[in-house]
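Trainee: Got a minute to go through this one with me? I'd like to start with the ligand.
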Amino acid sequence: MKSKNIHFDEIFRLLKKEFKNYEIPVLSRKKWEEIVHTPYTTLISCLLSLRTKDEITEQASIRLLKKFDTPKKMIELPVQKIQSLIYPVGFYKTKAKRIKEISKNLIDNYNGNVPENFNELLKLKGVGRKTANIVMVYGHNKKGFLPIDTHCHRIPNRIGWINTKTPEQTEHALRKILPDKYWDDFNHIFVKFGQTICVPISPFCSRCPIDRYCKKISVRKSR
Ligand code: SF4
(Lines give C-alpha, C1' and ligand atoms only; values in the text may rest on other atoms or scores of the structure.)
Protein backbone atom coordinates (compact mmCIF):
# COMPACT_ATOMS: atom_id res chain seq x y z
CA MET A 1 0.00 0.00 0.00
CA LYS A 2 1.54 3.33 -1.11
CA SER A 3 0.85 6.57 0.77
CA LYS A 4 -1.42 9.03 -1.02
CA ASN A 5 -0.67 11.97 1.25
CA ILE A 6 3.02 12.36 0.50
CA HIS A 7 4.02 14.44 -2.51
CA PHE A 8 6.62 11.97 -3.79
CA ASP A 9 6.42 13.16 -7.41
CA GLU A 10 7.12 16.77 -6.53
CA ILE A 11 9.76 15.91 -3.91
CA PHE A 12 11.71 13.67 -6.28
CA ARG A 13 11.37 16.18 -9.11
CA LEU A 14 12.89 18.90 -6.91
CA LEU A 15 15.66 16.69 -5.54
CA LYS A 16 16.61 15.33 -8.96
CA LYS A 17 16.84 18.91 -10.22
CA GLU A 18 19.01 19.90 -7.24
CA PHE A 19 21.39 16.96 -7.70
CA LYS A 20 21.38 16.58 -11.45
CA ASN A 21 25.18 16.54 -11.54
CA TYR A 22 25.66 14.23 -8.58
CA GLU A 23 28.08 11.31 -8.49
CA ILE A 24 26.71 8.05 -7.10
CA PRO A 25 28.70 7.49 -3.86
CA VAL A 26 29.89 3.91 -4.29
CA LEU A 27 30.09 4.35 -8.03
CA SER A 28 31.85 7.59 -8.87
CA ARG A 29 32.78 7.83 -12.52
CA LYS A 30 36.46 8.46 -11.78
CA LYS A 31 36.74 5.22 -9.83
CA TRP A 32 35.09 3.03 -12.44
CA GLU A 33 37.34 4.43 -15.14
CA GLU A 34 40.22 2.79 -13.25
CA ILE A 35 38.59 -0.38 -11.93
CA VAL A 36 36.64 -3.02 -13.81
CA HIS A 37 33.05 -2.73 -12.59
CA THR A 38 31.79 -6.14 -11.46
CA PRO A 39 29.63 -7.46 -8.60
CA TYR A 40 32.89 -8.39 -6.82
CA THR A 41 34.51 -4.97 -7.11
CA THR A 42 31.19 -3.38 -6.06
CA LEU A 43 31.04 -5.64 -3.00
CA ILE A 44 34.62 -4.96 -1.91
CA SER A 45 34.26 -1.23 -2.54
CA CYS A 46 31.11 -1.17 -0.45
CA LEU A 47 32.84 -2.99 2.42
CA LEU A 48 35.64 -0.43 2.28
CA SER A 49 33.11 2.42 2.36
CA LEU A 50 31.58 1.49 5.73
CA ARG A 51 32.38 4.27 8.22
CA THR A 52 34.74 5.87 5.73
CA LYS A 53 34.56 9.07 3.68
CA ASP A 54 33.83 8.68 -0.04
CA GLU A 55 37.15 10.17 -1.11
CA ILE A 56 39.19 7.80 1.09
CA THR A 57 37.09 4.83 -0.07
CA GLU A 58 37.61 5.77 -3.68
CA GLN A 59 41.39 6.00 -3.40
CA ALA A 60 41.64 2.76 -1.39
CA SER A 61 39.36 0.95 -3.88
CA ILE A 62 41.52 2.02 -6.79
CA ARG A 63 44.77 0.96 -5.04
CA LEU A 64 43.39 -2.45 -4.13
CA LEU A 65 41.05 -3.33 -6.98
CA LYS A 66 43.00 -1.97 -9.93
CA LYS A 67 45.14 -5.12 -9.88
CA PHE A 68 43.33 -7.47 -7.52
CA ASP A 69 39.82 -7.43 -8.92
CA THR A 70 38.78 -11.08 -8.54
CA PRO A 71 38.53 -13.39 -5.50
CA LYS A 72 41.27 -15.56 -7.02
CA LYS A 73 43.73 -12.69 -7.26
CA MET A 74 42.73 -11.40 -3.82
CA ILE A 75 43.42 -14.61 -1.91
CA GLU A 76 47.00 -14.57 -3.20
CA LEU A 77 47.57 -11.37 -1.21
CA PRO A 78 48.78 -11.53 2.40
CA VAL A 79 46.37 -9.76 4.80
CA GLN A 80 49.13 -7.25 5.66
CA LYS A 81 49.41 -6.27 2.00
CA ILE A 82 45.64 -5.73 1.79
CA GLN A 83 45.90 -3.61 4.95
CA SER A 84 48.61 -1.42 3.47
CA LEU A 85 46.68 -0.96 0.21
CA ILE A 86 43.42 0.07 1.87
CA TYR A 87 44.85 2.22 4.70
CA PRO A 88 43.50 4.71 5.96
CA VAL A 89 39.91 3.39 5.58
CA GLY A 90 38.10 2.94 8.90
CA PHE A 91 38.78 -0.43 10.59
CA TYR A 92 41.28 -1.28 7.86
CA LYS A 93 42.72 -4.23 9.78
CA THR A 94 39.34 -5.92 10.26
CA LYS A 95 38.28 -5.08 6.72
CA ALA A 96 41.48 -6.58 5.25
CA LYS A 97 40.80 -9.83 7.12
CA ARG A 98 37.13 -9.85 6.02
CA ILE A 99 38.01 -9.18 2.36
CA LYS A 100 40.31 -12.18 2.36
CA GLU A 101 37.75 -14.40 4.16
CA ILE A 102 34.94 -13.38 1.83
CA SER A 103 37.11 -13.94 -1.25
CA LYS A 104 38.00 -17.44 -0.05
CA ASN A 105 34.34 -18.16 0.74
CA LEU A 106 33.31 -17.05 -2.77
CA ILE A 107 35.85 -19.42 -4.30
CA ASP A 108 35.01 -22.35 -2.02
CA ASN A 109 31.22 -22.05 -2.13
CA TYR A 110 30.12 -19.87 -5.05
CA ASN A 111 32.47 -20.81 -7.89
CA GLY A 112 34.32 -17.52 -7.43
CA ASN A 113 31.17 -15.49 -8.14
CA VAL A 114 29.25 -13.03 -5.97
CA PRO A 115 25.81 -14.58 -5.35
CA GLU A 116 22.94 -12.94 -7.18
CA ASN A 117 20.66 -13.66 -4.27
CA PHE A 118 20.03 -11.28 -1.38
CA ASN A 119 19.82 -13.95 1.34
CA GLU A 120 22.99 -15.68 0.12
CA LEU A 121 24.81 -12.34 0.25
CA LEU A 122 23.75 -11.93 3.87
CA LYS A 123 25.49 -15.22 4.70
CA LEU A 124 28.88 -13.69 3.84
CA LYS A 125 30.64 -12.59 7.01
CA GLY A 126 30.64 -8.79 7.32
CA VAL A 127 27.84 -8.29 4.79
CA GLY A 128 24.74 -6.62 6.24
CA ARG A 129 21.50 -5.53 4.60
CA LYS A 130 22.91 -2.23 3.35
CA THR A 131 25.84 -3.87 1.58
CA ALA A 132 23.69 -6.71 0.22
CA ASN A 133 21.18 -4.19 -1.16
CA ILE A 134 23.97 -2.14 -2.75
CA VAL A 135 25.48 -5.22 -4.40
CA MET A 136 22.07 -6.24 -5.77
CA VAL A 137 21.37 -2.75 -7.16
CA TYR A 138 24.78 -1.50 -8.28
CA GLY A 139 26.63 -4.80 -8.75
CA HIS A 140 23.98 -7.04 -10.29
CA ASN A 141 21.74 -4.25 -11.67
CA LYS A 142 18.68 -5.74 -10.01
CA LYS A 143 15.51 -3.82 -9.30
CA GLY A 144 13.42 -4.05 -6.13
CA PHE A 145 16.14 -3.30 -3.55
CA LEU A 146 16.53 -0.30 -1.23
CA PRO A 147 19.99 0.28 0.26
CA ILE A 148 19.56 2.26 3.50
CA ASP A 149 22.52 4.07 5.01
CA THR A 150 22.51 6.65 7.80
CA HIS A 151 21.24 9.46 5.49
CA CYS A 152 18.52 7.30 3.95
CA HIS A 153 17.39 6.44 7.49
CA ARG A 154 17.58 9.93 9.01
CA ILE A 155 15.96 12.06 6.31
CA PRO A 156 12.64 10.22 5.73
CA ASN A 157 12.17 10.30 9.52
CA ARG A 158 12.87 14.04 9.62
CA ILE A 159 10.53 14.78 6.75
CA GLY A 160 7.83 12.83 8.56
CA TRP A 161 7.29 10.03 6.04
CA ILE A 162 8.04 7.33 8.58
CA ASN A 163 8.79 6.87 12.27
CA THR A 164 11.49 4.24 12.66
CA LYS A 165 14.41 3.50 14.95
CA THR A 166 16.80 1.52 12.75
CA PRO A 167 17.86 1.41 9.08
CA GLU A 168 16.31 -2.04 8.82
CA GLN A 169 12.93 -0.72 10.04
CA THR A 170 13.31 2.16 7.59
CA GLU A 171 13.89 -0.23 4.71
CA HIS A 172 10.71 -2.15 5.55
CA ALA A 173 8.67 1.03 6.12
CA LEU A 174 9.81 2.64 2.85
CA ARG A 175 9.06 -0.53 0.92
CA LYS A 176 5.42 -0.01 1.92
CA ILE A 177 5.07 3.69 1.03
CA LEU A 178 7.67 4.65 -1.57
CA PRO A 179 6.41 4.17 -5.16
CA ASP A 180 8.57 1.60 -6.99
CA LYS A 181 9.52 4.09 -9.69
CA TYR A 182 11.67 5.97 -7.15
CA TRP A 183 13.54 3.00 -5.69
CA ASP A 184 16.43 3.19 -8.16
CA ASP A 185 17.09 6.85 -7.40
CA PHE A 186 16.31 6.90 -3.70
CA ASN A 187 19.69 5.79 -2.31
CA HIS A 188 22.05 7.99 -4.26
CA ILE A 189 19.83 11.08 -4.15
CA PHE A 190 19.29 10.84 -0.39
CA VAL A 191 22.95 10.12 0.34
CA LYS A 192 23.93 13.25 -1.60
CA PHE A 193 21.11 15.24 0.06
CA GLY A 194 22.29 14.09 3.51
CA GLN A 195 25.90 14.97 2.79
CA THR A 196 25.22 18.46 1.51
CA ILE A 197 21.90 19.96 2.74
CA CYS A 198 20.01 17.75 5.20
CA VAL A 199 23.20 17.11 7.19
CA PRO A 200 22.98 15.30 10.56
CA ILE A 201 23.52 18.34 12.79
CA SER A 202 21.92 21.69 11.97
CA PRO A 203 20.64 21.02 8.44
CA PHE A 204 20.54 23.81 5.83
CA CYS A 205 16.73 24.17 5.80
CA SER A 206 16.97 27.73 4.46
CA ARG A 207 18.27 26.41 1.13
CA CYS A 208 16.42 23.11 1.09
CA PRO A 209 14.41 22.51 -2.11
CA ILE A 210 11.78 20.45 -0.28
CA ASP A 211 11.45 22.66 2.81
CA ARG A 212 7.69 23.07 2.33
CA TYR A 213 7.14 19.31 2.40
CA CYS A 214 9.18 18.67 5.55
CA LYS A 215 7.85 18.38 9.10
CA LYS A 216 11.38 18.81 10.53
CA ILE A 217 10.82 16.10 13.12
CA SER A 218 13.47 16.30 15.89
CA VAL A 219 15.32 19.13 14.12
CA ARG A 220 16.25 21.41 17.04
CA LYS A 221 18.62 23.70 15.18
CA SER A 222 18.89 24.54 11.51
CA ARG A 223 20.67 27.01 9.26
S1 SF4 B 1 13.71 21.20 5.53
FE2 SF4 B 1 15.57 20.85 6.71
S3 SF4 B 1 15.21 18.96 7.88
FE4 SF4 B 1 13.69 19.04 6.21
S5 SF4 B 1 14.59 17.88 4.54
FE6 SF4 B 1 15.12 20.01 4.21
S7 SF4 B 1 17.13 20.29 5.20
FE8 SF4 B 1 16.23 18.36 5.97
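Trainee: How do the residues of the shell around the ligand divide into nonpolar, polar and charged?
Mentor: The shell has 11 nonpolar, 1 polar and 3 charged residues. Here Ala, Val, Leu, Ile, Met, Phe, Trp, Tyr, Cys and Pro count as nonpolar, Asp, Glu, Lys and Arg as charged, and the others, Gly among them, as polar.
Trainee: And which residues come nearest to the ligand?
Mentor: Cys198, Pro203, Cys205, Cys208 and Cys214, out of 15 around the ligand. A residue is near if its C-beta atom, placed from the backbone, lies within 6 Å.
Trainee: Anything to know about the model itself?
Mentor: It's predicted: local features need pLDDT of at least 70, side-chain atom pairs count only at pLDDT 80 or more, and totals for chains, interfaces and linings use all residues. Residues are numbered from 1 along each chain as its sequence is written.
Trainee: New topic: how many helices and strands does the protein have?
Mentor: 12 helices and 0 strands, taken as DSSP runs numbered from the N terminus (helices: H or I, at least four residues; strands: E, at least two).
Trainee: What about helix H3, is it enclosed or not?
Mentor: Largely enclosed by the rest of the structure, because 10 of the 11 residues in H3 (residues 39-49) are buried. Buried means 20 or more other C-beta atoms lie within 10 Å of the residue's own, with C-beta atoms placed from the backbone.
Trainee: Which residues of H3 are buried?
Mentor: Among them are Tyr40, Leu43, Ile44 and Cys46. Just after H3, arginine 51 has a positive phi of about 55°.

Note on methods:
Buried ≥ 20, exposed ≤ 12 C-beta atoms within 10 Å, placed from the backbone.
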